[in-house]
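Reader: I am new to this structure and would like to learn how to read its features one at a time. Could you take me through them, giving the general idea before each case?

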Amino acid sequence: MADKKFLGKIHGEPWDALAKGPREALSTIWNSYLAEVLQVSPKSERYKIMRREIEAAAGFKEVYENWNTLSPESRAVAWRRLMTASRNHLLERGESCVRCGECCEKGSPTLLMGDLGLFQRNVLSLNDVYTLRPGEKATTREGEVTALTEERLKVREIPGARQCWFYLAPNQSCRIYADRPEQCRRQQCWGEPPAPPAAEELLQRRHLFANVPEMWDLIQAHQARCDCAEVVRNLAGLGGGVDAASDALFEALHFDHYLRQMLMDDWQMTPEATEFLLGRPMREFIETLGLNATLTPEGVFTLSPRQD
């Protein structure tokens with residue numbers, strides 16, 4: 001139901017406007033009251049959900065439709081019912097997730113140590129998570145791009161968007177809500193944002209694979225030959241005409257590519273699972289540094305400046 005705009009004036013205590021004004025006055029005062037009580041942006045999904053729930057509990061639609069015919073006494077009773085419903089709802093839901101999905105659409109969670117059990121219970125699989133290695137660029141929820149100083153495991157996003165892999169936007173639901181990661185549970189869109197997790201809280205590949213030698217050995221070998229910081233240094237050396245830098249850079253590209261191919265061919269891993277085990281492909285990392293890495297039909301990479 002679209003609210004009409006009240007064109008009159010409300011001075012100080014709004015009761016005179018409520019007692020004598022038309023339903024448009026009720027709508028204007030109600031909007032202001034809810035914005036003050038709920039203390040979130042009226043444009044936010046959280047506000048919209050809580051407003052719908054409050055108005056359903058208080059019978060706002062019926063009050064609004066009948067407002068012009070109500071006596072001042074009946075209006076006072078109806079207004080008290082609206083205020084009581086809003087305050088009761090705030091006490092019940094004011095500091096809890098209403099599953100509006102706004103945080104889910106801004107990015108996927110970084111996994112923390114408390115999420116280890118999600119793998120053990122098969123809530124998360126190798127295909128649901130990818131690794132960001134030190135030196136890779138990541139975008140914060142505020143849209144800032146930063147180079148990471150530590151490894152992070154992230155739940156995948158919908159391709160082409162920042163929306164979490166598990167969030168279903170059409171019905172504002174999460175496929176693993178009961179088992180959602182710790183960082184999801186810490187989100188408080190109704191108050192101050194939670195502090196970033198400390199480095200020791202971050203779940204890393206060693207916590208999952210250190211006791212699985214065949215995987216851990218591959219992870220360590222890949223890191224030794226495809227270290228992001230080393231690639232950046234070699235790229236700088238390449239611009240300075242250092243031949244050794246060129247050799248090391250192309251070795252990293254080829255080692256990364258053919259190790260992933262082996263995992264897919266021999267271990268039957270999906271491309272997504274290799275991004276968990278080894279991080280995102282070196283070719284993609286090179287692209288963030290301003291170069292296109294192209295594999296020729298002969299199986300050799302070439303580099304060229306990005307045009308975008």
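Reader: Where is the place of R99, and which sign does its phi have?

Author: Please keep in mind throughout that this is a predicted model. As a general idea, most residues other than glycine have a negative phi. Here R99 sits in the loop between α5 (72-93) and α6 (102-106), and although R99 is not a glycine, its phi is positive, at about 60 degrees. R99 has a relative accessible area of 36%, so this residue is partly exposed.

Reader: Where does Q268 lie, and is Q268 buried or exposed?

Author: Q268 is found in the loop between α12 and α13, and here too a residue that is not a glycine has a positive phi of about 60 degrees. Q268 counts as exposed because its relative accessibility is 61%, and the cut-off needed for that reading is over 50%.

Reader: How many disulfides does a search of the whole structure find?

Author: In general, a disulfide is a covalent bond between the sulfur atoms of two cysteines. The search of the whole structure finds 0 disulfides. C103 is in no disulfide, and the nearest cysteine sulfur, 4.1 Å away, belongs to C104.

Reader: Why is the sulfur of C104 not bonded to the closest cysteine sulfur, in C103?

Author: The sulfur atoms of C104 and C103 are 4.1 Å apart, which is too far for a bond, since a disulfide needs the two sulfur atoms within 2.5 Å. As for accessibility, C103 counts as partly exposed at 28%, and C104 likewise counts as partly exposed, at 22%.

Reader: How should I read strand β1, and which of its residues are on each side?

Author: The general idea is that in a regular strand the side chains alternate between the two faces of the sheet. In strand β1, which covers residues 129-132, V129 and T131 lie on one side while Y130 and L132 lie on the other, and since all of these are buried, both faces of the strand are covered. Strand β1 pairs with strand β4 (residues 152-155) in the antiparallel sense over 4 bridges, and within this pairing Y130 stands opposite K154 in β4.

Reader: In what sense do β7 and strand β8 pair, and what do they form?

Author: Strands β7 and β8, the latter made of residues 301-305, pair in the antiparallel sense over 5 bridges, and N292 has S304 in β8 as its bridge partner. The two strands form a hairpin with 5 residues between them, and in the turn G299 has a positive phi of about 85 degrees.

Reader: Where is E150 found, and what does its side chain make polar contacts with?

Author: E150 is in the loop between β3 (145-147) and β4, and with a relative accessibility of 18% this residue counts as buried. The side chain of E150 makes a polar contact of 2.8 Å with the side chain of T149, and another, of 2.9 Å, with the side chain of R152. If neighbours within four places in sequence are left aside, E150 is in contact with L132, P134, L202 and Q204.

Reader: How many residues does the largest nonpolar core have, and which have the most contacts inside it?

Author: The largest nonpolar core has 38 residues, and L111, L124, L277 and I286 are those with the most contacts inside it. Among the elements that give two or more residues to this core are α7 (116-120), β4, α12 (243-266), α13 (271-277) and β7 (291-295), and of the contributing elements α12 gives the most, with 6 residues. Not counting residues up to four places away in sequence, L124 touches L111, L118, F119, V129, F166 and I176. There is also a second, separate core of 26 residues, which includes Y47, M50, M83 and V98.

Reader: How many aromatic pairs does the structure hold?

Author: The structure holds 7 aromatic pairs. In one of them, the rings of F119 and F276 have their centres 5.7 Å apart and their planes at 20 degrees, so this pair is stacked. The pair links distant parts of the chain, with F119 in helix α7 and F276 in helix α13, 157 residues apart. Both F119 and F276 are buried. Elsewhere in your reading, look for one aromatic cluster formed by W30, Y33, F60, Y64 and W79.

Methods:
Residues numbered from 1 in each chain as written. Predicted model: local features only at pLDDT ≥ 70, side-chain atom pairs only at ≥ 80, totals over all residues. Heavy atoms only, no water. Buried < 20%, exposed > 50% of the residue type's maximum accessible area, 1.4 Å probe, protein only. Pairing = 2+ DSSP bridges. Core = buried A, V, L, I, M, F, W, Y, C linked by side-chain atoms within 4.5 Å. Contact = heavy atoms within 4.5 Å. Polar contact = N/O pair within 3.5 Å; in protein donor to acceptor, adjacent residues only side chain to side chain. Phe/Tyr/Trp six-rings, centres within 6.5 Å; stacked < 30°, edge-to-face > 60°.
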